[in-house]
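Welcome! Take a moment to turn the model around on your screen, and then let us walk through it together.

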Amino acid sequence: MPDLMIEPSRRRIRALVQGHAIGDTTHALLVLGAGLPFYAFPMADVTLERIRASGRTATRKLIGTVHLHDILEADGQPRIDAAWTTRQARLAGYCMFAWAPIDRWLEEDDHLPYPPRDIYKRVDAVPSSRRVQLRLGDRIVADSRRAMFLFETGIKTRYYFPPDDIDPAILRPSALRTGCIYKGEAHYHDVVLDGTVHENLVWTYPDPVPECGSIAGLFAFANERLDEILIDGVALDRLADPLSNAAIAAAHVYVRPRLVA
Amino acid sequence: MRPVIFEPSARRLRVMFNGETIADTTAARLLIETPVPVYYFPVGDVRTDLLVPGAPFEDPRKGRGRRWSIMVGDRVAHDAVLGFDHPAADLPELGGYLCFVWEGVDHWFEEDEEIFRHARNPYKRVDALRSSRHVEVLLQGTTVADSRSAVFLFETGLPTRYYIPIEDVRCELLRPSDRVTVCPYKGTARYYHLQLDATLYENVVWYYPDPIAQCPQIRGLLAFWNEFVDAIRIEGEAEPIPVTEFSHRPITTRPAA
């Protein structure tokens, strides 16, 4: 089982409630390995008079028992269980905020719309002339020699197709939206084929984050829900792969720069 | 012993030399021993008919092997290929693979994109964030940059770099330089010298006129070596001077012409 990874961050991190920075720090810790990454704020950088212990506890993966707190709005209204603390040695003295109850998160001056990035993960979108064909049932639903291959650390390759290389009759926009800090907001489509609706099988990023600009407007399919993926005519033997967090932890080969006072 | 990762890569890799494709594989592995990873090619995906054997060598971590040269037409890439016929006990799979000295060959491609300098490490990211924190750069007691609208570049394993808009830099002090370097995560960097009184501080400033697609936010912004300026102050407070892989090559100075 991968261990908790705790990295001092040099980024200024702010958590805003009703426009007030309840946490504002340049000495955050980035905590990796316990679900989605999160920031821990030194107590000194938290507006403690707006935090009230609730007496409740919860259990968190790799951390154990945590003590829950309410955040108080300006008029005293509580946001229930919006903050937590722990006696876990490496996080003692820090305050953590739940993601959703905070109105706005900032990394430096950039809005952080989703939980933070893992600094040991990258996303490379690379153009490829390898032929990619996707089969659903007995139909080839996408066929391209100019897809963008998206390599995201720990995840199977995703293939992003130009709209012209997808059977146009099968896509029907759905209402689903999901967010990813590495790519942006995904808009989903159902695939309607021979009377069967495959809900949210396809997604696209109309306006991806700048680092992923090259997938804008392209369409990806959920590999694991297809019947076959052919690359240059050869079927992939596995459509989906489990994430390998162990590899990420083992790859922790960076030596943090030494600092001279 | 230091852990080494030898993980499969999903990327098609190609290596070119003198117009020939020397290796073309969809079954590469990435060896991650240091922050700079190395692609390994299955022997069967390498044009071994173009290789001639060279000297044996021993690597303290990976085992014993042999170097090979590539001969294509009138050109020879001496010792540009390495193989491990007696890999270390914990890395037996190395035996079936060959790797290339990056600069020994002409071109590298990941899928259809040419890549430069070295393989990208999948466990390293580069985040560029806009910041209104006050950044001041001091060299020889002179404030050479003063900004509240820098882009802070956080690159895993390196100190924060501050990319500053030209209007916030004393650009009348900049002098052209021919230096060009390439970073696989950011693109091709160009440099400036900086002149203070009669002294030229060589290549102390760099910028990316046309960064790669993954790093568009730093286009045209100017960065200074944290390691070699007197101080970078953030909100009035001097950042500690970092010691990095670059520290052993300090910037040089010479009298201005």
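In chain B, among the contacts with a separation of 6 or more, 51% are made by residues 24 or more positions apart. Keep in mind as you read that this is a predicted model. Chain B has 24 strands and zero helices. Its C-alpha atoms fill a box of roughly 60 × 40 × 35 Å, taken along the principal axes. Of the 257 residues in chain B, 54% count as buried.

Now let us look at where the chains meet. How many residues of chain A are in contact with chain B? There are 40 of them, and they touch 46 residues of chain B. Together, chain A and chain B bury about 4000 Å², with 53% of that area on carbon and sulfur atoms.

Charged partners appear here too: eight salt bridges are counted between chain A and chain B. In one salt bridge, the side chain of Asp110(A) meets that of Arg130(B), at 2.7 Å from N to O. Across this interface there are also 24 residue pairs in polar contact.

Which elements of chain A supply at least two residues each to the side that touches chain B? They are strand S12 (123–127), strand S15 (148–152), helix H1 (245–250) and strand S23 (258–260). S12(A) gives the most to that side, with five residues. Sorted by character, the residues on the side of chain A that touches chain B divide into 20 nonpolar, five polar and 15 charged.

Next, find a sheet inside chain A. Four strands form an open sheet in the order S14-S13-S21-S22, and their pairing is antiparallel. Strand S14 (139–144) and strand S22 (234–235) of chain A stand at the edges with a single partner strand each, so one side of each has no neighbour in the sheet. As a general point, strands of a sheet pair through backbone hydrogen bonds, either parallel or antiparallel. Strand S13 (residues 132–136) of chain A is joined by four bridges to strand S21 (residues 228–231) of chain A, and these two run antiparallel. You can locate this pairing by finding Val132(A), which stands opposite Ile231(A) in S21(A).

Finally, here are three single residues of chain A to look up, with their relative accessibility.

| Residue | Relative accessibility | Counts as |
|---|---|---|
| Ser9(A) | 10% | buried |
| Leu62(A) | 27% | partly exposed |
| Asp81(A) | 26% | partly exposed |

Why does Ser9(A) count as buried? Its relative accessibility is 10%, and buried means under 20%. Ser9(A) sits in the loop between strand S1 (5–8) and strand S2 (13–17) of chain A. Leaving aside residues up to four places away in sequence, Ser9(A) touches Thr26(A), His27(A), Ala28(A) and Tyr39(A).

The backbone angle phi is worth a look in the other residues of the table. Most residues other than glycine have a negative phi, and most peptide bonds are trans. Leu62(A), however, has a positive phi, near 65°. Leu62(A) lies in the loop between strand S6 (51–60) and strand S7 (64–72) of chain A. Asp81(A) has a positive phi as well, near 55°. Asp81(A) is found within strand S8 (residues 78–85) of chain A.

How values were computed: Residues are numbered from 1 along each chain as its sequence is written. Chains are lettered from A and ligands numbered from 1 in the order in which they are written. This is a predicted model: local features need pLDDT of at least 70, side-chain atom pairs count only at pLDDT 80 or more; totals for chains, interfaces and linings use all residues. Side-chain values use heavy atoms; hydrogens and water are left out. Contact means heavy atoms within 4.5 Å. Buried area is the accessible area (1.4 Å probe) that two parts lose on being put together, summed over both. A salt bridge is a side-chain nitrogen of Lys or Arg within 4 Å of a carboxyl oxygen of Asp or Glu. A polar contact is a pair of N or O atoms within 3.5 Å; within protein, one must be able to donate a hydrogen and the other to accept it, and residues adjacent in sequence count only if both atoms are side-chain atoms. Ala, Val, Leu, Ile, Met, Phe, Trp, Tyr, Cys and Pro count as nonpolar, Asp, Glu, Lys and Arg as charged, and the others, Gly among them, as polar. Two strands pair if DSSP finds at least two bridges between them. Buried means under 20% relative accessible area, exposed over 50%, partly exposed in between (1.4 Å probe, protein chains only).
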